[in-house]
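Work through the following exercises with the sequence and the coordinates open. Each task is followed by a solution in steps.

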Amino acid sequence: MKSSVSQVFPRLTLFTEENFRGRRFVWRGNVGLRNLDRLYDDIESLRFFATNNNQTLVLFSRPNFQGSFRVFRGTRNIRDLDDIIGGSDPDSLIISSSRLTLAQIREIRRTRTLPRGFRTI
């Protein structure tokens, strides 16, 4: 009998120290993390693994998907998150299995609500 393992992508690994060290936390699929400080105290680096270049990571400078944002598409490894968004560290983020347009991201920021099919943490 053959067994199979189902993988969900994209996959985001958050680290409590720079250079992918310290405690790590893994998220998969369509997820929005509203307040990184409340969840993890301090995230210093991350790895975003995407199976295609449309999968999107959005970092926001304030909690609840507010403030300035920076968009990444496809696989990214960020060794140091300090000052990554115009001099600010990320306070919330979204990972998406499909391409999020700038218009969709601005709508999320305006309404603080993620599209259908996303988990909000």
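**Exercise 1. Overall dimensions**

What does the accessible surface of the protein come to, and what percentage of it belongs to carbon and sulfur atoms?

Solution. The model is predicted: local features need pLDDT of at least 70, side-chain atom pairs count only at pLDDT 80 or more, and totals for chains, interfaces and linings use all residues. Residues are numbered from 1 along each chain as its sequence is written, and side-chain values use heavy atoms, with hydrogens and water left out.

Step 1. The accessible surface is about 7100 Å², and carbon and sulfur atoms hold 41% of it. Areas come from the Shrake-Rupley method with a 1.4 Å probe; for residues, only the protein chains shown count as cover.

Step 2. Of the 121 residues, 41% count as buried. Buried means under 20% relative accessible area, exposed over 50%, and partly exposed in between (1.4 Å probe, protein chains only).

Step 3. The radius of gyration is 14 Å, which agrees with the value near 14 Å for a compact globule of 121 residues. This radius is taken over C-alpha atoms, and the globule rule is 2.2 Å times the number of residues to the power 0.38. Along the principal axes, the C-alpha atoms fill a box of roughly 55 × 35 × 25 Å.

Step 4. Among contacts with a separation of 6 or more, 68% come from residues 24 or more positions apart. Contact means heavy atoms within 4.5 Å.

**Exercise 2. The sheet of 4 strands**

List the elements of the protein, then work out which strands stand at the edges of the open sheet of 4 strands.

Solution. Step 1. There are 2 helices and 9 strands, running β-β-β-α-β-β-β-β-β-α-β from the N terminus on. Helices (H or I, at least four residues) and strands (E, at least two) are DSSP runs, numbered from the N terminus.

Step 2. The order in this sheet is β2-β1-β4-β7, with antiparallel pairing. Two strands pair if DSSP finds at least two bridges between them.

Step 3. β2 (21–28) and β7 (76–78) each have a single partner strand, so one side of each is left without a neighbour in the sheet. Direction ignored, neighbouring strands are turned by 15° against each other on average. Axes are lines fitted to C-alpha atoms, for helices over the stretch in contact, and angles run from 0 to 180 degrees between N-to-C directions.

Step 4. Strand β4 (residues 45–49) is joined to β7 by 3 bridges; F48 stands opposite R76 in β7.

**Exercise 3. The sheet of 5 strands**

Give the strand order of the open sheet of 5 strands and trace the partners of β8.

Solution. Step 1. The order is β6-β5-β8-β3-β9, and the pairing is mixed. β6 (66–73) and β9 (119–120) stand at the edges with a single partner each, so one side of each has no neighbour in the sheet.

Step 2. Helix α2 (residues 102–111) packs on this sheet, touching β5, β6 and β8, and its direction makes about 150° with that of β6.

Step 3. Strand β3 (residues 31–33) runs antiparallel to β8, with 3 bridges; G32 has I94 as its bridge partner, and L33 stands opposite L93. Strand β5 (residues 56–62) also runs antiparallel to β8, with 5 bridges, and L59 stands opposite L93.

Step 4. Of the 5 residues of β8 (residues 92–96), 5 are buried. S92, I94 and S96 point one way, L93 and I95 the other. In a regular strand the side chains alternate between the two faces of the sheet.

**Exercise 4. Nonpolar cores**

Which residues touch the most other members of the largest nonpolar core?

Solution. Step 1. A nonpolar core is a set of buried Ala, Val, Leu, Ile, Met, Phe, Trp, Tyr and Cys residues joined through side-chain atoms within 4.5 Å. The largest has 21 residues, and L14, L46 and L59 touch the most other members.

Step 2. The elements giving two or more residues to this core are β1 (11–17), β2, β3, α1 (36–40), β4, β5 and β8.

Step 3. A second, separate core of 9 residues includes I94, I108, L114 and F118.

**Exercise 5. Backbone exceptions**

Are F20 and D41, which have a positive phi, buried or exposed?

Solution. Step 1. F20, with phi about 60°, lies in the loop between β1 and β2 and is buried at 14% relative accessibility.

Step 2. D41, with phi about 75°, is in the loop between α1 and β4 and is exposed at 60%.

Step 3. A cis peptide bond joins F9 and P10, with omega about 5°. Most residues other than glycine have a negative phi, and most peptide bonds are trans.
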